[in-house]
Amino acid sequence: MLEELKEANSYISSKIDKYRSRSLLIKEIEEDAEINNVPIISKEIREYLKFIIKSNKNIKNILEIGTATAYSGIIMAEEIQDRNGCLTTIEIDEDRFKIAKSNFEKANLKNIEQILGDATEEIEKLNKNYDFIFIDAAKGQYKKFFEDSYKLLNQGGLVFIDNILFRGYLYKESPKRFKTIVKRLDEFIEYLYENFEDVTLLPISDGVMLVNKNWLFVK
């Protein structure tokens with residue numbers, strides 16, 4: 001969460017907690033994530049994802065890059081069940097992959113395609129198209145994830161990139177160990193603004209970038 005917006009996000013979170021119910025499974029995944037330091041989406045992103053997918057009836061097939069323990073996957077897959085949609089989700093960590101598999105089964109969701117492997121390799125093997133792509137994995141590989149998956153995005157489809165402001169380090173001093181990641185993220189943002197017309201960067205939670213496949217500048 002961006003420090004500058006912590007109070008605003010806390011206020012929003014309080015309203016979400018008060019008015020938006022969660023299943024026992026979702027609560028369990030949240031508790032496990034806190035105990036075991038598993039990166040999952042924030043409450044604000046959870047509700048934003050649900051809003052976008054629920055509002056756009058054309059979203060049926062979703063590609064998720066970074067499954068973790070299936071928290072965001074379950075949130076998205078629930079919204080496309082009555083559309084006969086499919087969630088394809090990629091995870092590099094075998095332990096998290098197994099936990100996610102168990103959580104998807106507990107959620108009793110259909111049409112879940114889990115892939116164990118490195119997304120920089122696995123995306124290129126996919127042979128289907130998607131209406132929505134959610135990217136939340138290794139930050140230093142965001143540009144490659146985007147370029148490889150954008151080819152699979154249907155016209156009018158949307159790419160949702162989470163944590164793109166990386167704790168605010170893109171505009172304030174960052175620890176030396178993060179310098180390469182920060183540089184790559186900044187270059188990626190520049191690339192998107194330079195090449196795509198229908199793109200927006202929002203300071204929600206830890207930063208969200210949205211790219212709509214409607215316009216593309218060709219240099």
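A residue is called buried here when its relative accessible area is under 20%. By that cut-off, five of the five residues of strand E7 are buried, so E7 is largely enclosed by the rest of the structure. The model is a predicted one, and the description below starts from this strand and works outward through the sheet, the helices that pack on it and several individual residues.

**The sheet and strand E7**

Val208, Leu210 and Asn212 point one way from E7, whereas Met209 and Val211 point the other way, and all are buried. The strand belongs to an open sheet of seven strands with mixed pairing, whose order is E3-E2-E1-E4-E5-E7-E6. The edges of this sheet are formed by strand E3 (112–116) and strand E6 (199–202), each of which pairs on one side only. Neighbouring strands are turned by 15° against each other on average, with direction ignored.

In general, the strands of a sheet pair through backbone hydrogen bonds, either parallel or antiparallel. Three of the pairings, each with one pair of facing residues, are set out in the table.

| Strands | Bridges and direction | Facing residues |
|---|---|---|
| E2 and E3 | five, parallel | threonine 88 and glutamate 113 |
| E5 and E7 | five, antiparallel | leucine 158 and asparagine 212 |
| E6 and E7 | four, antiparallel | leucine 202 and valine 208 |

**The E6–E7 hairpin and aspartate 206**

Strands E6 and E7 form a hairpin with five residues between the strands, and in this hairpin serine 205 takes a positive phi near 55°. Aspartate 206 also lies in the loop between E6 and E7. What does a buried aspartate 206 have around it in place of a salt bridge? The nearest side chain of opposite charge is that of arginine 167, 5.7 Å away, and aspartate 206 has no salt bridge; a salt bridge would need a side-chain nitrogen of Lys or Arg within 4 Å of a carboxyl oxygen. The backbone of arginine 167, however, does approach, with its nitrogen 2.7 Å from a polar atom of the side chain of aspartate 206.

**Helices on the sheet**

Helix H4 (residues 71–79) packs on the sheet, where it touches strand E1 (61–65), E2, E3 and strand E4 (130–135), and the direction of H4 makes about 170° with that of E1. Eight of the nine residues of H4 are buried, so this helix is largely enclosed by the rest of the structure; the buried residues are Tyr71, Ser72, Gly73, Ile74, Ile75, Met76, Ala77 and Glu79.

Helix H7 (residues 142–150) lies across E1, E4, strand E5 (153–162) and strand E7 (208–212), and runs at about 165° to E5. Its buried residues are Tyr142, Phe145, Phe146, Asp148, Ser149 and Tyr150, and what covers the buried residues of H7 includes E1, helix H6 (119–122), E4, E5, helix H8 (179–195) and E7.

**Three buried residues and their surroundings**

Phenylalanine 134 lies in strand E4 and counts as buried because its relative accessibility is 0%. Its C-alpha is 6.2 Å from that of isoleucine 65, although the two residues are 69 apart in sequence. Leaving aside neighbours within four places in sequence, phenylalanine 134 is in contact with Ile41, Leu49, Leu63, Glu64, Ile65, Ser72, Met76, Phe160 and Asp162, and of these Ser72 and Met76 are among the buried residues of H4.

Arginine 46 has its place in helix H3 (residues 43–55), and counts as buried at 2% relative accessibility. Its side chain makes a polar contact of 3.1 Å with the side chain of tyrosine 71, which is itself one of the buried residues of H4. Apart from neighbours within four places in sequence, arginine 46 is in contact with Ile16, Arg22, Glu30, Ile41, Tyr71 and Ile75.

Asparagine 103 lies in helix H5 (residues 94–107), and is buried, with a relative accessible area of 7%. Asparagine 103 and isoleucine 29 are 74 residues apart in sequence, while their C-alpha atoms are 8.3 Å apart in space. With neighbours within four places in sequence set aside, the contacts of asparagine 103 are Leu25, Ile29, Thr69, Ala70 and Ile74, and Ile74 is again one of the residues buried in H4.

Note on methods: Residues numbered from 1 in each chain as written. Predicted model: local features only at pLDDT ≥ 70, side-chain atom pairs only at ≥ 80, totals over all residues. Heavy atoms only, no water. Pairing = 2+ DSSP bridges. Helix = DSSP H or I, 4+ residues; strand = E, 2+ residues; numbered from the N terminus. Axes fitted to C-alpha atoms, helices over the stretch in contact; angles between N-to-C directions. Contact = heavy atoms within 4.5 Å. Buried < 20%, exposed > 50% of the residue type's maximum accessible area, 1.4 Å probe, protein only. Lys, Arg positive; Asp, Glu negative; His and termini not counted. Polar contact = N/O pair within 3.5 Å; in protein donor to acceptor, adjacent residues only side chain to side chain.
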